[in-house]
Amino acid sequence: MIHMTTFIAILCVGLTTYLTRILGYLLLKNRHLSKRTTRILQVIPGCVLISVIAPYFVTDQPANLIAIIITLFAACYFSLLPTVLISIIATGILKNFML
C-alpha cells in the first residue's frame, strides 16, 4: 500500500507540472515572441535536464558513472525511448552487481 505522504507528493508534483504548462500557455498565447526569446525558451528543458543529471557526474559511486557513460553512448546512436530503456536497464544491472 502506498503511504499517504507519497501519494500527496505525487499529486503535488503532477499538479505543479500541469499548472506550469497551462499557465505558460495562457500567459503566452496572445503574445508574439521574438526569435531570441523563442530560442531561449527552446533551450530551457535541456538546461533543466543537465541540472538534474550533473550531480551524478561528481559521485563516488562507479555504477552511476558507468551508467552515465552508457547512456551518453546510447543517446548518440538511438532515439529517446531506446536510450531511456538502455539507461534504466544499465543502471539497474550496475547498481545490483556493483554494491
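**View 1. What lines the largest pocket of this predicted model.** The residues around the largest pocket sort into 13 nonpolar, six polar and one charged. Together, 20 residues form this lining, and those that lie nearest the centre of the pocket are Ile 53, Ala 67, Ile 68, Thr 71 and Ser 87. If you trace the lining back to secondary structure, the elements giving two or more residues are α2 (35–53), α3 (62–77) and α4 (80–97). The volume of the largest pocket comes to about 500 Å³. Rolling a probe the size of a water molecule over the atoms is what shows where empty space is left.

**View 2. Asn 64 and its contacts.** Here we turn to helix α3, where Asn 64 has its place. Is Asn 64 buried or exposed? With a relative accessible area of 7%, Asn 64 is buried, because that value falls under the 20% cut-off. Leaving aside residues up to four places away in sequence, Asn 64 touches Tyr 56, Thr 59 and Lys 95.

**View 3. Cys 47 and Cys 76, two cysteines without a disulfide.** How many disulfides does a search of the whole structure find? The search finds zero. For Cys 47, the closest cysteine sulfur is in Cys 76, 19 Å away, which is too far for a bond because a disulfide needs the two sulfur atoms within 2.5 Å. Seen from Cys 76, the closest cysteine sulfur is that of Cys 47. As for their surroundings, Cys 47 counts as partly exposed at 49% relative accessibility, while Cys 76 is exposed, with a relative accessible area of 63%.

Technical notes. Residues are numbered from 1 along each chain as its sequence is written. This is a predicted model: local features need pLDDT of at least 70, side-chain atom pairs count only at pLDDT 80 or more; totals for chains, interfaces and linings use all residues. Side-chain values use heavy atoms; hydrogens and water are left out. On a 1 Å grid over the protein atoms alone, a cavity is a set of points where a 1.4 Å probe fits but cannot get out, and a pocket is an open set with protein on both sides within 12 Å along at least five of seven lines; lining residues have an atom within 4 Å of a point. Grid points are joined across faces, edges and corners, and a volume is the space filled by probe spheres set on the points. Helices (H or I, at least four residues) and strands (E, at least two) are DSSP runs, numbered from the N terminus. Ala, Val, Leu, Ile, Met, Phe, Trp, Tyr, Cys and Pro count as nonpolar, Asp, Glu, Lys and Arg as charged, and the others, Gly among them, as polar. Buried means under 20% relative accessible area, exposed over 50%, partly exposed in between (1.4 Å probe, protein chains only). Contact means heavy atoms within 4.5 Å.
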